[in-house]
Amino acid sequence: MKYLLLLGLIGLVLSPAKAEEKKDPPKATTYDVPYRLTDTKHIHVRVKINGKGPFNFIIDTGAPALIMTEAIAKKVGGKTEDGWTTFDKLDIEGGLSIDKPRGVAVDMFQLKGMNSMGLAGVELHGVLGYNVLARFKIEYDFNETKLKWTPVDFKAPDPMRIKDKNGGQGGLEMIGTLTQVMSMLGGLKPNFTVHPRGFIGAELESKSNELIVKTVLAGSPADKAGLKVGDRIESAKGKSLSSSQDLLEAVKKLPEGTSLKLSIKRGEDTKDMTVELGKGL
Amino acid sequence: MKKLLATLLLLPLGVCFVRADEKSLEKPKTQTVKFELVPSGHFIVSVKLNGNGPYNLIFDTGAPTTLITPRIAKDAKLAGDAKDKPLIPLFGMMGQVKVKEFSVGDVLAKDVGAMIMEHPTVKAFSQEYEKKYGSIDGIVGFPFFAQFKMTVDYSTKEMTFTPNGYKASDVMQDLMQTMMSSMGSKPQPRVAAPAGLWGMELAKSKDDEADGVDVKAVIAGMSSDAGGLKTGDRILTIDGRWTDSIADAYTATSYAKPGKPVAVVVKRDGKEVKLTITPKLGL
């Protein structure tokens with residue numbers, strides 16, 4: 001069973017439609033393209049199509065073309081002809097822009113399956129395949145937070161269609177439907193919402209293994225809770241801290257409106273306080 | 001079965017990106033691999049498994065796992081080591097193996113996890129290209145290329161690989177672990193946490209679909225103020241990342257380390273202005 005799930009994660013697509021393509025000569029600049037690895041280990045970049053979005057796409061050398069869901073293609077006003085959908089503009093986060101890109105509007109079973117269960121941790125709308133990727137030299141390094149895309153002078157021949165006698169993907173399509181049905185049975189909806197972390201309003205300083213409050217912003221949650229300049233923060237949520245990183249880690253998952261218990265040292269005194277996290281950063 | 005389904009349904013949730021900064025002691029060297037671009041727009045590389053082969057595999061950045069066909073698993077004497085065999089061997093699945101020495105061209109990666117199976121799409125490829133390139137026997141995915149700084153260039157049909165010390169965690173293990181730990185709980189929203197203190201408040205109304213977010217307040221004397229940000233500015237990007245929602249803006253600041261200047265592009269009086277803001281240590 002779990003193998004079936006895993007299979008549904010492989011973004012390998014046989015063929016798009018047929019047709020020819022002409023492109024502008026590329027410029028020789030390098031673009032830093034932000035990416036994230038999804039929970040499913042896909043390389044996720046954000047794009048806007050015809051100025052709309054951002055949409056979440058996967059970088060997929062196993063796909064022959066730019067592929068997006070039918071709903072997205074419709075939403076952005078793509079024009080479909082001979083199996084290809086043409087758009088005015090594709091923007092890739094990081095400042096890169098492609099004029100008149102062509103793609104294929106089809107609901108990939110892999111994305112359908114992942115989205116129905118929220119497996120990737122983010123809702124996926126499509127993939128960037130060969131007809132986009134081939135125009136760039138792309139550098140990947142998962143120790144970095146951005147990819148490097150450099151346009152290359154390469155006229156990518158159009159991807160050819162492979163005729164699959166059985167049609168489709170040899171029975172793999174059912175995985176998408178299967179996962180969809182499973183999540184419906186369970187009555188669970190994936191949660192793709194992202195909340196901003198709560199605000200405290202304190203500037204900190206790390207000095208010889210101590211975490212010292214350097215500034216308290218007037219009227220901030222820290223101020224209201226009674227935190228003072230010079231206080232040494234010893235623990236948060238009952239866990240002792242040895243660095244600012246520990247504190248950031250402890251607060252990392254607390255959205256606005258939640259509260260945080262802190263234990264501080266002021267002179268020789270130890271004080272406990274509760275900070276009600278507010279809005280801001 | 002019901003239990004299994006229920007467990008599977010609890011899969012969503014959690015961040016499992018593992019990032020290891022360990023550097024190997026040897027000086028990393030860059031190696032080049034030529035690839036064969038096939039007419040369907042995919043590309044094929046030459047792979048050896050524990051010195052056996054070479055075999056033709058598709059190179060797929062969209063594959064979280066590596067696949068090898070039962071044919072080459074047997075040929076490379078790996079089939080006997082397969083673990084975690086499925087009860088119902090759909091698509092000829094024979095379970096998982098760790099390939100001690102997995103080479104793409106001359107580039108060697110150690111202990112690469114691979115699934116043994118007959119992937120219908122790979123089979124279709126193989127039938128299409130067998131005459132010209134020989135049989136195609138699998139997919140090279142994330143467990144291999146994550147171990148390198150990699151470049152892919154279609155114009156020269158070359159890839160380069162430099163070991164980068166990144167330790168890729170196993171996607172299957174991660175998914176199962178996430179699932180176990182989230183048993184019985186509802187999927188929670190993620191929280192985007194800024195890495196530093198900016199001294200500003202952002203706002204965006206529900207019906208506002210234009211690019212960017214509004215600056216609602218700038219705290220005097222703090223980083224944003226020092227960098228020239230003003231109340232009423234519309235932030236378009238932070239460090240090259242789109243900030244079209246408050247969640248996006250927070251996500252962008254989660255990468256901006258305290259003390260490091262970042263470029264912030266704002267719209268002010270109809271014009272784009274580029275600012276530099278250095279967030280402070282704090283929260």
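# Exercises on a predicted two-chain model

In chain B, pLDDT stays under 50 over residues 1-24, a stretch for which the model has 53 contacts beyond four places in sequence. Since the structure is a predicted model, the exercises begin with its confidence values.

## Exercise 1: Confidence

Find the mean pLDDT of chain B, and state what share of its residues reach 70 or more.

*Solution.* Begin with the chain as a whole: the mean pLDDT of chain B is 86, and 84% of its residues reach 70 or more. Next, set beside this the stretch of residues 1-24 of chain B, where pLDDT stays under 50. Finally, turn to the scores of the model, which are ipTM 0.86 and pTM 0.87.

## Exercise 2: The two chains in outline

Describe how many helices and strands chain A and chain B have, and what part of each chain counts as buried.

*Solution.* Take chain A to start with: it has seven helices and 20 strands, and 49% of its 281 residues count as buried. Among the contacts of chain A with a separation of 6 or more, 64% are between residues 24 or more positions apart. Then take chain B, which has seven helices and 17 strands, and in which 46% of the 283 residues count as buried. For chain B, 60% of the contacts between residues at least 6 apart in sequence join residues at least 24 apart. As a last step, look at the domain assignment of chain B, which gives domain 1 (29-163) and domain 2 (200-277); the C-alpha centres of these domains lie 44 Å apart.

## Exercise 3: Helices and their cover

Which residues of helix H7 of chain A are buried, and on which side of the helix do they lie?

*Solution.* The first step is to list the buried residues of H7(A), which spans residues 244-251: they are A:Leu247, A:Leu248 and A:Val251. These residues lie on the same side of H7(A), because they cover an arc of only 100° around the axis. The next step is to see what covers them, and this includes strands E16 (210-216), E17 (232-236) and E19 (259-266) of chain A.

Now work through helix H7 of chain B, and find what its buried residues pack against.

*Solution.* H7(B) covers residues 246-253, and seven of its eight residues are buried. These are B:Ile246, B:Asp248, B:Ala249, B:Tyr250, B:Thr251, B:Ala252 and B:Thr253. Their packing partners come from both chains, with strand E14 (194-196) of chain A on one hand, and strands E11 (190-192), E12 (200-203), E13 (213-218), E14 (234-238) and E15 (241-242) of chain B on the other.

Complete the set with helix H3 of chain A, and say what phi the residue just after it takes.

*Solution.* Eight of the nine residues of H3(A), residues 109-117, are buried, including A:Phe109, A:Leu111, A:Met114 and A:Met117. Just after this helix, A:Gly118 takes a positive phi of about 65°.

## Exercise 4: Three paired strands

Trace the pairing from strand E3 through E6 to E7 in chain B.

*Solution.* Start at E3(B), residues 43-49, which runs antiparallel to E6(B), residues 95-104, and is joined to it by three bridges. Here B:Leu49 stands opposite B:Phe102. Continue from E6(B) to E7(B), residues 107-116: these strands also run antiparallel, and nine bridges join them. One pair of bridge partners is B:Lys98 and B:Gly113 of E7(B). To finish, examine the turn of this hairpin, which has two residues between the strands, and in which B:Gly105 has a positive phi of about 55°.

## Exercise 5: Cores and an exposed loop residue

Which residues have the most contacts inside the largest nonpolar core?

*Solution.* The largest nonpolar core has 98 residues, and those with the most contacts inside it are A:Ile67, B:Leu57, B:Ile116 and B:Ile139. The largest share of this core, six residues, comes from E7(B). Apart from it lies another core, of 49 residues, among them A:Leu217, B:Ala192, B:Met222 and B:Leu283. Returning to A:Ile67, its contacts beyond four places in sequence include A:Val13, A:Val104, A:Met108 and A:Val127.

Is A:Asn209 buried or exposed?

*Solution.* First locate A:Asn209, which is in the loop between strands E15 (202-207) and E16 of chain A. Then count its surroundings: A:Asn209 is exposed, because 8 other C-beta atoms lie within 10 Å, and a residue is exposed if that number is 12 or fewer. Lastly, the C-alpha atoms of A:Asn209 and A:Ser244 are separated by 9.5 Å, although these residues are 35 residues apart along the chain.

Terms used. Residues numbered from 1 in each chain as written. Chains lettered and ligands numbered in written order. Predicted model: local features only at pLDDT ≥ 70, side-chain atom pairs only at ≥ 80, totals over all residues. Buried ≥ 20, exposed ≤ 12 C-beta atoms within 10 Å, placed from the backbone. Helix = DSSP H or I, 4+ residues; strand = E, 2+ residues; numbered from the N terminus. Contact = placed C-beta atoms within 7 Å. Domains from an automatic or database assignment. Pairing = 2+ DSSP bridges. Arc of directions from axis to C-beta. pLDDT = per-residue confidence, 0-100. Core = buried A, V, L, I, M, F, W, Y, C linked by C-beta atoms within 7 Å.
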